[in-house]
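Open the structure in your viewer and follow along, one selection at a time. Each stop below tells you what to pick and what you will find there.

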Amino acid sequence: MDGAAHRPGIAAGRLGAAEIAENFGDLHPPLDPHEAAVAADRCYFCHDAPCIAACPTGIDIPLFIRQIATGQPRAAAQTIFEANILGGMCARVCPTETLCEEACVRMTAEERPVEIGRLQRYATDAQMATGRHPFTRAAPTGRRVAVVGAGPAGLACAHRLAMHGHDVVVMDARPKGGGLNEYGIAAYKTVDGFAQAELDWLMAIGGIELRAGVALGRDVTLDGLAGEYDAVFLGMGLGAVNALACEGNDLPGVEDAVDFIARLRQSGDLTALPVGRRVVVIGGGMTAVDAAVQSKLLGAEEVTIVYRRGKPAMSASLYEQDLAASKGVRLIYNARPLHVLGNGRAEAVEFEYTADGPSGLHGTGETFTLAADQVFRAIGQTLVTGPLAGLDLDGRKITVDAAGRTSRRGVWAGGDCASGGADLTVTAVAQGRDAAESIHRALMG
Amino acid sequence: MAEIRSDFVGIKSPNPFWLASAPPTDKEYNVRRAYQAGWGGVVWKTLGLDPHIVNVNGPRYGVVYGADRRVLGLNNIELITDRPLQVNLDEIKAVKRDWPDRALVVSLMVPCEEHCWTEILAKVEDTGADGIELNFGCPHGMSERGMGSAVGQVPDYIEMVTRWCKAATRMPVIVKLTPNITDIRYPARAAKKGGADAVSLINTVSSITSVNLDTFSPEPSIDGKGSHGGYCGPAVKPIALNMVADIARDPETAGLPISGIGGVTTWRDAAEFMALGAGNVQVCTAAMTYGFKVVQEMISGLKLWMDDKGHADLAAFTGRAVPNVTDWQYLNLNYVTKARIDQSACIQCGRCFAACEDTSHQAIAMRVEGGGRVFEVIDAECVACNLCVNVCPVENCITMERLPAGTVDPRTGRVVSDRHEDWRTHPNNPGRVAAE
Ligand SMILES: Cc1cc2nc3c(=O)[nH]c(=O)nc-3n(C[C@H](O)[C@H](O)[C@H](O)COP(=O)(O)OP(=O)(O)OC[C@H]3O[C@@H](n4cnc5c(N)ncnc54)[C@H](O)[C@@H]3O)c2cc1C
Ligand SMILES: Cc1cc2nc3c(=O)[nH]c(=O)nc-3n(C[C@H](O)[C@H](O)[C@H](O)COP(=O)(O)O)c2cc1C
Ligand code: SF4
């Protein structure tokens, strides 16, 4: 391993297996029963609790916490799963600091919320450890629904439809289901293959067929699906990335952060995953933070996130920004890339400071250069609209109403590809579930 | 600095904190360490006749927990000392010789025959102990054999045994009462009639703390069976305070010294017992839960409070709350209060709303304002029950405010008067007396 840490360029094996294992361990380790009892006891069981309103899936949080406090974590899990079938994943990945926990009255009282996320994990883990699926299907309806995309939106929709007795075929372009749960979320948030385990557990309800490797626009068409099935749900997420207008952007060593992350998530051995010695990440969202933090955890010596606006505008929460800083990532605000410099491959990036004026963001003329063996573009994902011809779009997303209906009869959409969400796992689940209820009403009405 | 030296029926101790007769005072080793830790006195674990009793060889305790496994109530099925009488007597003598300034009272329980008591009293006197406590309280095991609470539940027996003891010894006699009785004044009066120098109370409350839902055995379970035990700790304090007050304000027992026992856990508990007429306090569960060191908190806390309040010694506040304990019929019905919610302290949990709306008088209004929630009391509905104050997690966020005389109570439409008026003269009282 000697010297590996400082090896220039993009190289594997910067850290040994033990360090990698430690770095990629659970970000928020599970609560043990005693910790859970203490944490649960802090809940005031508020009337019409603000945390419920702050949860996009509306989980009855005080009720499930009381169920934990009274020694029935599996009853708590049932409360959670009734509202959010991916409650296990959400417990791990939700930015609770801007959702339920931000609304907790304990924040007002002492600026320390009840640890809702970790308690949710405690309950859902307890149920999932039984290996049993907690719901049964209603009598078969004979209706068939096509779901495009096996991410949180598609899975939540498929599960709810299956519960109501419909038969569901879920198609996903990737070789595995799970969507960004499997290919995107930071590894330390969902350790030990949880995404696939949760997928298997969810599918155990029955009545859901997963067809991996089937892409809308390549293997099937919207018209074809609409003709063959009683209803169609689109949950294909955001399949493309925003282009970065910056010279040198095509040099080797420059890559989309989501590709790096997907490779990382699918790597069986992180010591074999190459990473730059000096990494620059351009962007300000969760993807930027995850790419930066995981580069650092892989052993990159210097990792810098450069964001074109100020700290408050960054879409990664303050908590995420602090997490990055605590792992040794440097955050530079108010700077935009001008060129990626290098001879045959990326070697540095030149930036210009920005200022916000009446006519928008503009360069100040002052520049600086960061050495970089590896550069990640993380300036946002975008919808692939090709296969969606005929659907109304709302800006860059599929227009849907509150029930998830698109402009085309018989076609619903939800999750990142649809309007109205917040590009979060939990909003995708809520939209998928609600669309399923709407489909159910339409089919049975 | 306030003086907390205590003189209880002539028994002197550097502070009013004694360890009650129980495992903490079971033997020489414990008592020496208790004195070292600062306890003012101990009542030695109850002695009986040889052959000594035996205890169960399985678990003795059941517990009721609060948050974070805080012990709120403890239940036990332990009996009296399970060591030979002479061993105990020798140890008592040795400890008393080395710790002359600390109180050492010996608890006794022998069958209801006069010779049993006179014989053991002579032996105890020989140890140099400061006094005796008659254990008429233990509600389990010993009561099946006609001792403990079996005696404490029959005032005539209390009087009889007390009289025997007073006749047989020069030592002060403290009679320890059982709470497992309908009216505590009867056993207290009996003790007084028998010549007792003091009463101590409460002993433990008969109880079953929990049932194991796998085996359907009460806890603690001894080979699948359980028998009721005696309950003590913070949970029993309200019961004990009421009984102490009953005795303190009963004209027939007024002035009879009381040693307050039952859930004393902090200096504040002790001060409350003493304000209700106890001359000192005894502690068991707090020591069993946290160890002997708790007495240091009790001593420092009591002294500081006394200094703050200007109470120079224990007598300055002992019994001060007794005149304020009265019967319901004397409570002033013209004392009209309304709940007031301090909006700046409110954390918007809505517990007051749920409590008042669902279970009280629908006197709290909730409205959404600026993304938050605002809770306000509707004076026209508030009956001043105080439940909102009790369930609010923020201390002093909700308080009860008195309506000044001359204002109109919007609930009743009546002008608030500053005259004391109570049930005795109330028009709805069929047996009312004419107002003077
Ligand atoms: C790096 C990263 C980190 C994130 N971290 C968090 C986090 O910590 N917490 C959080 O709440 N959210 C996080 N998010 C956001 C979250 O992952 C998404 O909001 C969520 O996964 C959206 O769910 P979805 O079902 O709409 O889409 P996706 O999860 O994107 O799933 C869409 C699925 O559709 C498939 N698909 C796409 N096109 C087609 C097609 N044409 N035909 C068939 N199948 C297709 C894809 O293969 C994919 O499986 C993160 C996102 C990224 C990129
Ligand atoms: C395990 C145990 C054993 C006890 N044994 C005796 C006893 O032998 N004699 C006695 O008078 N009281 C006995 N008690 C009762 C205590 O002295 C005391 O009255 C009671 O516990 C209430 O005080 P507390 O709430 O501080 O514990 C015992 C209590 C416990 C918990
Ligand atoms: S004091 Fe009682 S009646 Fe009045 S607001 Fe509070 S809970 Fe309601």
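Begin with the salt bridges: this predicted model holds 49 of them over all chains. To see one, select A:Arg137 and A:Asp167, whose side chains meet in a salt bridge at 3.3 Å, N to O. Now show the backbone around the pair. A:Arg137 sits in the loop between helix 9 (116-128) and strand 2 (144-148) of chain A, while A:Asp167 belongs to strand 3 of chain A, so the bridge ties together parts that are 30 residues apart in sequence.

**Stop two: ligand 1**

Stay with chain A and select ligand 1 together with its surroundings. The shell around ligand 1 has 34 residues, and A:Val93, A:Asp172, A:Lys189, A:Leu216 and A:Asp416 are the closest. Which elements of chain A each supply at least two residues of this shell? Colour helix 10 (152-163), strand 3 (167-172), helix 15 (286-298) and helix 17 (425-444) to find them. Helix 15 gives the most, with 3 residues. You have met strand 3 already, as the element that holds A:Asp167.

By class, the shell around ligand 1 divides into 18 nonpolar, 10 polar and 6 charged residues.

Next, zoom in on the backbone atoms. At A:Val93, a backbone N or O atom lies 2.7 Å from a nitrogen atom of ligand 1. Then move on to two neighbours in the numbering. A backbone N or O atom of A:Asp423 is 3.3 Å from an oxygen atom of ligand 1, and a polar backbone atom of A:Leu424 is 3.1 Å from an oxygen atom of ligand 1. Switch on a surface for the protein here: on its own, ligand 1 has 990 Å² of accessible area, and the protein covers 93% of that.

**Stop three: where the chains touch**

Now show chain A and chain B side by side. How many residues does each chain bring to the contact? Chain A brings 13 residues and chain B brings 14 residues. The area buried between chain A and chain B is about 1000 Å², and carbon and sulfur atoms give 63% of it. Select A:Tyr44, A:His47 and A:Val105, which lose the most area to chain B in chain A, together 51% of what that side buries.

For the polar side of the picture, there are 4 residue pairs in polar contact between chain A and chain B, both residues at pLDDT 80 or more. The count of salt bridges between these two chains is 0. On the side of chain A that touches chain B, helix 2 (33-41) and helix 8 (105-110) are the elements that give two or more residues. That side has 8 nonpolar, 3 polar and 2 charged residues.

**Stop four: ligand 2**

Cross over to chain B and select ligand 2. It has 23 residues around it, and B:Ser21, B:Thr46, B:Lys176, B:Gly263 and B:Thr285 come nearest. Here, show the side chains. B:Lys45 has a polar side-chain atom 2.8 Å from a nitrogen atom of ligand 2. In the side chain of B:Lys176, an N or O atom is 2.7 Å from an oxygen atom of ligand 2. At B:Thr285, a polar side-chain atom lies 2.5 Å from an oxygen atom of ligand 2. Is ligand 2 mostly buried or exposed? Taken alone, ligand 2 exposes 600 Å², and the protein buries 99% of that.

**Stop five: ligand 3**

Select ligand 3 and the 13 residues that surround it; the closest are B:Cys356, B:Cys382, B:Cys385, B:Asn386 and B:Cys388. The shell around ligand 3 has 11 nonpolar residues, 2 polar ones and no charged ones.

**Last stop: backbone details in chain B**

Finish by hiding the ligands and looking at the loops. B:Asp50 and B:Pro51 are joined by a cis peptide bond with omega of about -5°, and B:Pro51 lies in the loop between strand 4 (41-47) and strand 5 (61-65) of chain B. Another cis peptide bond joins B:Glu219 and B:Pro220, with omega of about -5°. B:Pro220 lies in the loop between strand 13 (217-219) and strand 14 (229-232) of chain B.

End your tour at B:Phe216, in the loop between strand 12 (210-212) and strand 13 of chain B. B:Phe216 is not a glycine, yet its phi is positive, at about 60°.

Methods
Residues are numbered from 1 along each chain as its sequence is written. Chains are lettered from A and ligands numbered from 1 in the order in which they are written. This is a predicted model: local features need pLDDT of at least 70, side-chain atom pairs count only at pLDDT 80 or more; totals for chains, interfaces and linings use all residues. Side-chain values use heavy atoms; hydrogens and water are left out. Contact means heavy atoms within 4.5 Å. Buried area is the accessible area (1.4 Å probe) that two parts lose on being put together, summed over both. A salt bridge is a side-chain nitrogen of Lys or Arg within 4 Å of a carboxyl oxygen of Asp or Glu. A polar contact is a pair of N or O atoms within 3.5 Å; within protein, one must be able to donate a hydrogen and the other to accept it, and residues adjacent in sequence count only if both atoms are side-chain atoms. Helices (H or I, at least four residues) and strands (E, at least two) are DSSP runs, numbered from the N terminus. Ala, Val, Leu, Ile, Met, Phe, Trp, Tyr, Cys and Pro count as nonpolar, Asp, Glu, Lys and Arg as charged, and the others, Gly among them, as polar. A residue is near a molecule or strand if one of its heavy atoms lies within 4 Å of it. Accessible areas come from the Shrake-Rupley method with a 1.4 Å probe; for residues, only the protein chains shown count as cover.
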